[in-house]
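Student: Before I use words such as "buried" or "core", I would like to know what stands behind them. Could we go through them one at a time?

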Amino acid sequence: MGATSDTKHKEPITSRWDDQHAATLSEPELLLYRSNLLGSDLRITNFGGGNTSAKVAMTDPLSGEQVEVLWVKGSGGDLGSIKLDGFSTLYMDKLQALKARYRGLEHEDEMVGYLPHCTFNLNPRAASIDTPLHAYIARKHVDHMHPDAVIAIAACKNSRALTEKIFEGELGWLPWQRPGYDLGLKLEKLSQEQPQLKGIILEGHGLFTWGDTARSCYETTLAMIKRAEEWLAANVRQPVFGGRVADPLPADARAALAARLMPLLRGKISQQEYKLGHFDDSDAVLEFVCSADLAPLAALGTSCPDHFLRTKIRPLVLDFDSAAPDADRAFDQLVSGLDQALSDYRADYTAYYERCKRDTSPAIRDANPIIYLIPGVGMLSFAKDKATARIAGEFYVNAINVMRGANGVDEYVGLPEQEAFDIEYWLLEEAKLQRMPKPKSLAGRIAVVTGGAGGIGQAVARQLLQEGACVMLTDIDAEALEGARQNLVKAAGKDNVAAVQANITIEDDVGGILSATALRFGGVDLLVSNAGIASAAPLDETSLEVWKRNQDILVTGYFLVSRDAFQIMKRQKLGGSMIFVGSKNGLVASSGASAYCTAKAAEIHLARCIALEGAEHGIRVNVVNPDAVIRGSRIWDGKWKEERAASNKIDADDVEEFYRKRSMLKKSVFPEDIAEAVYFFASEKSGKSTGNVLNVDAGNAAAFTR
């Protein structure tokens with residue numbers, strides 16, 4: 001089953017305000033409390049969207065006098081998780097004085113440059129372009145939300161009349177215009193001229209509500225959204241989206257098709273910048289992609305700027321016959337049409353840019369689609385990182401909900417093309433993009449780490465995550481694997497880490513690992529084969545079972561994972577890197593460990609063989625050879641430590657010190673040391689290296705490569 005982003009709550013919207021808790025809070029803390037409540041429900045506003053504010057009496061740090069200060073959500077951030085330091089603070093008297101500097105619509109953007117001069121108490125949080133929308137409304141508390149139900153009304157052809165009918169004079173209405181200083185002045189005028197209003201609907205965009213207290217503002221916001229939801233539900237025309245014209249494939253078939261398609265598609269759109277993917281087959285998505293109105297509604301584009309800034313103005317609808325009797329043939333036909341479909345989309349996007357660009361417009365950006373809709377299957381979204389891909393998909397679900405609501409009661413209207421372009425290529429948005437930090441060295445890369453629950457596996461995963469990669473962990477030990485996953489999620493976030501329990505000696509399990517990786521992230525670029533065991537016994541006491549177990553895990557397992565990853569890397573046509581975590585014993589024979597040493601030697605030769613075949617595809621294969629990595633090792637925690645201690649005639653507690661002293665550098669080797677070497681081979685730092693062996697053993701002359 002694919003991931004779902006239909007995260008809307010099923011229960012009715014109700015107030016979660018706690019008077020007892022609120023009584024303990026200051027005015028800024030009440031703003032934070034209200035913001036977190038609003039942002040935690042995606043029916044109220046989408047991730048990163050919406051703004052809240054409060055006008056608070058505070059002591060001026062210079063004069064010691066009481067002044068009015070606007071607390072307003074700063075640039076960036078998400079209401080659901082914002083902290084107090086996420087709010088900008090500005091002197092209201094200085095914001096009022098800015099009116100004298102305003103020179104008209106053609107000079108809108110220059111007003112943003114004045115906002116830092118209004119900063120209260122040297123607050124470093126940058127004020128957003130929405131600041132005037134809050135500053136000039138003649139109420140103490142203001143919410144600006146993007147609820148699907150209200151945007152559906154705002155995106156109707158007859159949105160003004162519907163607003164008057166549904167809200168009976170409690171909400172005003174303003175025609176669409178880009179958020180900025182002029183809109184702030186219009187909101188001020190409306191709130192002053194019609195003091196009975198509780199808020200307004202901005203055509204095609206969203207909802208503004210206000211109140212004299214934090215609680216009244218919050219509950220007014222909820223009441224208006226609830227009224228919109230109830231009215232839409234009571235008046236919707238059937239069938240939704242023109243009715244179903246395709247049946248969704250079974251859940252497992254949808255996931256399997258997406259897992260096959262995503263690496264192919266990812267390869268075609270990642271030639272300039274690596275992309276990561278997300279799959280969504282939630283009920284809302286399936287209803288839309290199986291409907292008669294899919295193509296015409298998708299072509300209209302999204303209405304709310306918050307939506308299309310994440311999703312592009314419109315998606316790409318892929319040509320797929322989910323009802324075809326021969327599923328493989330239908331898939332092949334889909335794939336055969338991909339290049340033309342992508343070419344047509346890029347040409348259409350380029351033409352849109354050329355039609356709408358202005359003399360000051362930034363250069364055209366990546367012309368590839370972000371959202372891909374597949375009849376009977378679901379939705380794919382691709383972006384430069386996993387979180388952005390997931391959030392883009394969630395925003396398009398918002399757009400689907402808006403289209404459902406609008407078309408259900410009236411006629412859905414997308415934002416005019418030039419208006420959409422002026423938002424997408426707004427110089428202020430471009431400046432925000434330019435301020436983004438430089439991508440990390442493995443940004444956009446997807447790694448599979450076998451033996452992921454062990455010390456080396458976790459250290460490798462942590463290193464790759466720190467460098468910007470996404471990681472799929474796999475291990476045979478489900479409990480240890482889940483513990484490792486949770487540890488890494490704390491450090492890198494849930495979007496970037498996933499885990500699948502599997503036995504790499506079982507062919508179907510290995511196929512499941514790579515399919516799960518493709519479905520979760522879009523493909524695979526890096527394979528770290530690290531699953532391992534160890535055994536020690538004199539030759540005449542080595543059982544066939546022990547011999548086979550070493551061969552199964554250290555040779556057959558490495559072969560199976562490499563083969564399946566190799567197939568995906570070839571389909572992507574993006575190259576790739578495989579790193580085998582071998583052992584000093586792959587180069588140096590050890591008495592009493594013939595099964596282990598032989599298997600490790602086979603690993604190294606397998607890596608060299610794959611390097612030969614992978615070179616023409618840009619797939620590099622290298623080996624890292626550790627020795628005596630004892631700390632954090634589940635192998636050394638078991639029988640292996642006792643066996644090696646006995647072989648060397650020492651106590652088990654002295655094993656680490658014994659191996660440290662045996663090394664040439666007299667140093668212990670830790671999992672993090674192996675992780676650094678793996679990262680070197682995973683990154684472009686070793687972009688011209690393949691078929692090589694790197695020893696990380698603190699020095700062992702017998703293991704010098706020849």
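Tutor: What follows takes several terms in turn and sets values against their definitions. This is a predicted model, in which local features need pLDDT of at least 70 and side-chain atom pairs count only at pLDDT 80 or more, while totals for chains, interfaces and linings use all residues. Residues are numbered from 1 along each chain as its sequence is written, and side-chain values use heavy atoms, with hydrogens and water left out.

Student: How do you know that the span of helix 2 agrees with its number of residues?

Tutor: Helices (H or I, at least four residues) and strands (E, at least two) are DSSP runs, numbered from the N terminus. The expected span of a helix is 1.5 Å times one less than its number of residues. For the 13 residues of helix 2 (residues 27-39) that gives 18 Å, and the end C-alpha atoms are 18 Å apart, so the two agree.

Student: What makes helix 2 mostly covered?

Tutor: Buried means under 20% relative accessible area, exposed over 50%, and partly exposed in between (1.4 Å probe, protein chains only). In helix 2, 10 of the 13 residues are buried, among them Leu30, Tyr33 and Arg34. The cover includes helix 1 (19-22), strand 1 (51-59), strand 2 (66-73) and helix 8 (214-235).

Student: Why is Phe241 called buried, and what is Lys666 called?

Tutor: Phe241 has a relative accessible area of 4%, so it is buried. Lys666 has 43%, and is therefore partly exposed.

Student: What is notable about phi in these two residues?

Tutor: Most residues other than glycine have a negative phi, and most peptide bonds are trans. Phe241, in the loop between helix 8 and helix 9 (251-269), has a positive phi of about 55°. Lys666 has a positive phi near 55°. The loop between helix 8 and helix 9 also holds Pro239, which a cis peptide bond joins to Gln238, with omega about -5°.

Student: How do you know that strand 1 and strand 2 pair?

Tutor: Two strands pair if DSSP finds at least two bridges between them. Seven bridges join strand 1 to strand 2, and the strands run antiparallel. Strand 2 is also joined to strand 3 (87-91), by five bridges, again antiparallel. Six of the eight residues of strand 2 are buried, so the rest of the structure largely encloses it.

Student: What makes strand 8 and strand 9 edge strands?

Tutor: They belong to an open sheet of four strands in the order 8-11-10-9, with mixed pairing. Strand 8 (276-280) and strand 9 (316-317) each have a single partner strand, so one side of each is without a neighbour in the sheet. Five bridges join strand 8 to strand 11 (residues 378-383), which run antiparallel.

Student: Why is a group of residues called a nonpolar core?

Tutor: The name is used because its members are buried Ala, Val, Leu, Ile, Met, Phe, Trp, Tyr and Cys residues joined through side-chain atoms within 4.5 Å. The largest one here has 60 residues, and those with the most contacts inside it include Phe288 and Tyr396. Helix 15 supplies the largest share, nine residues. A second, separate core of 41 residues includes Ala258 and Phe320.

Student: Which residues does Phe288 touch?

Tutor: Contact means heavy atoms within 4.5 Å. Not counting residues up to four places away in sequence, those touched by Phe288 include Phe241, Leu373 and Met403.
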